[in-house]
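Dear colleague,

I am handing over the structure we spoke about, and you will find the sequence and the coordinates just below. After them I have written down what was found, beginning with the whole and then turning to one strand and to the cysteines.

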Amino acid sequence: MLRNPRSVQVKREKIQRMSYFVVEIQRLVSDQMEQTISRSNDLDDASKPPVYVPESSESDRVPQEHQRIRRSQVIAFIALTFTLDFSSYSFRSYSSGSCLPNSTMAAELGHGNCLSWAARNVTGTLSPYRFDRRSVGADDISLKIKYCGVCFADVVWTRNKHGDSMYPLVPGHEIVGVVTSTGSNVKGFKVGDHIGVGTYVNSCRNCEYCDDFLEVFCSKGPTLTFNGLESDGTFTKGGYSSFIVVHERYCYKIPDGYPLDKAAPLLCAGITVYSPMMRHKMNQPGKSLGVIGLGGLGHMAVKFGKAFGLKVTVFSTSESKKEEALNLLRADNFVISSDKQQMMSLMKSLDYIIDTASGDHPFDPYMSLLKVGGVLVLVGFPSEVRLLPISLNMGAKSISGSMTGGTKETQEMLNFCATNQVYPEVEVINIQYINEALERLIKRDVKYRFVIDIANSLN
């Protein structure tokens, strides 16, 4: 049925104006302002207190188009929604609380060839967003995303915890999908291959670390998969999206038959613990390993430890994790780290410790559990590391740090997991649940990695 072009344009403009206010409504709701808004039928009553909108600090400043709007504008928006005729639209409810008409998605989200969910400001609230991916270059692969793991880094950058977030920000760096096209120079992949993309998508490819396939330590810094600066001056956008274009070097072949939803967490959580375990030769059967913390990284350290033939002890502050540590993950021992008697019973008994805890905690008690020459590897990010020199000197012990791995090692890990049937424990979710999932992640209410079903929910 044909419609009057001018009528369609007017309606589209109204809907587009409405979209600019949706994020502000969500923000007011998150600040518990619903009650004030609902009582705004008499705005001229001077006895009513004004809505308080806190000033943002300079470090939290966001672009002008995303700054807070006045209450009068909010009320005007509410009035606008009632004057629009939505009888011909179908609505879809999103977990963030907004309702967007399906038939006008492009008008409300902007324009672009890639559909995603993005954070617009420091609240970290994610909602649908469109943007343009670059064209496929000679060395590039275009990947239709099937699954994307949810990492705590997604919380950090969507909420600007490091002060360098660039909005709109599309998170996600545990990406798995199917090759849809390749550049003319691509030799290692073909259309239809299952591949993964991890925490970085570029590096200088000229320094000593890149030459050794340790691109994560590139002298000029790797280009992060999201919120990273590309060579053309644009910012990278991650895997909470329909597809991604990546240089062949930074893509990984997912072995045939390996479940794609379980492959996603390997691209960050998996390689983060696998890399230091291999570097410090923790793959020696019969040796003993301690794992501090039992989250996304910790549970992978336990799984790798068991696959390597190690005797694994889990350290936690929560008794509730004991059953799963012993029965689900097949750890050999479980210790409450605050129980001094349990800790004393393990003095000088461990060859290695993987510390995944990011909260502040003492290090000396754990160092006392290491044998002579033992090593503790830190993969978490507490605010500081403090320990007595005697903890290192007596017993020639050492403490080491690590991040994710290089491209060669990441591929080796994927192959190892397929051969030895090492599978992360995942909770698959729809993209519409992502805001609740991030809140649960902050509360450590996940066992043990959220994975977004991009293919079946991002549409």
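The protein contains 16 helices and 19 strands, and please keep in mind while reading that this is a predicted model. Of its 459 residues, 51% count as buried, and the accessible surface comes to about 22,100 Å², of which 51% belongs to carbon and sulfur atoms. Among contacts between residues at least 6 apart in sequence, 65% join residues at least 24 apart.

One strand that may serve as a starting point is S3, residues 114–119, where six of the six residues are buried, so the strand is largely enclosed by the rest of the structure. Both of its faces are covered, with Cys114, Ser116 and Ala118 buried on one side and Leu115, Trp117 and Ala119 buried on the other. Strand S3 pairs with strand S4, residues 126–131, in the antiparallel sense over six bridges, and within this pairing Ser116 stands opposite Tyr129 of S4. Six residues lie between the two strands of this hairpin, in which Gly124 takes a positive phi near 80 degrees.

As for the cysteines, the structure holds zero disulfides. Cys114, which belongs to the covered strand S3, counts as buried because its relative accessibility is 0%. Cys218 is also buried, with a relative accessible area of 6%; its sulfur is 3.5 Å from the closest cysteine sulfur, that of Cys204, which is too far for a bond, given that a disulfide requires the two sulfur atoms to be within 2.5 Å.

With kind regards

Notes: Residues are numbered from 1 along each chain as its sequence is written. This is a predicted model: local features need pLDDT of at least 70, side-chain atom pairs count only at pLDDT 80 or more; totals for chains, interfaces and linings use all residues. Side-chain values use heavy atoms; hydrogens and water are left out. Helices (H or I, at least four residues) and strands (E, at least two) are DSSP runs, numbered from the N terminus. Buried means under 20% relative accessible area, exposed over 50%, partly exposed in between (1.4 Å probe, protein chains only). Contact means heavy atoms within 4.5 Å. Accessible areas come from the Shrake-Rupley method with a 1.4 Å probe; for residues, only the protein chains shown count as cover. Two strands pair if DSSP finds at least two bridges between them.
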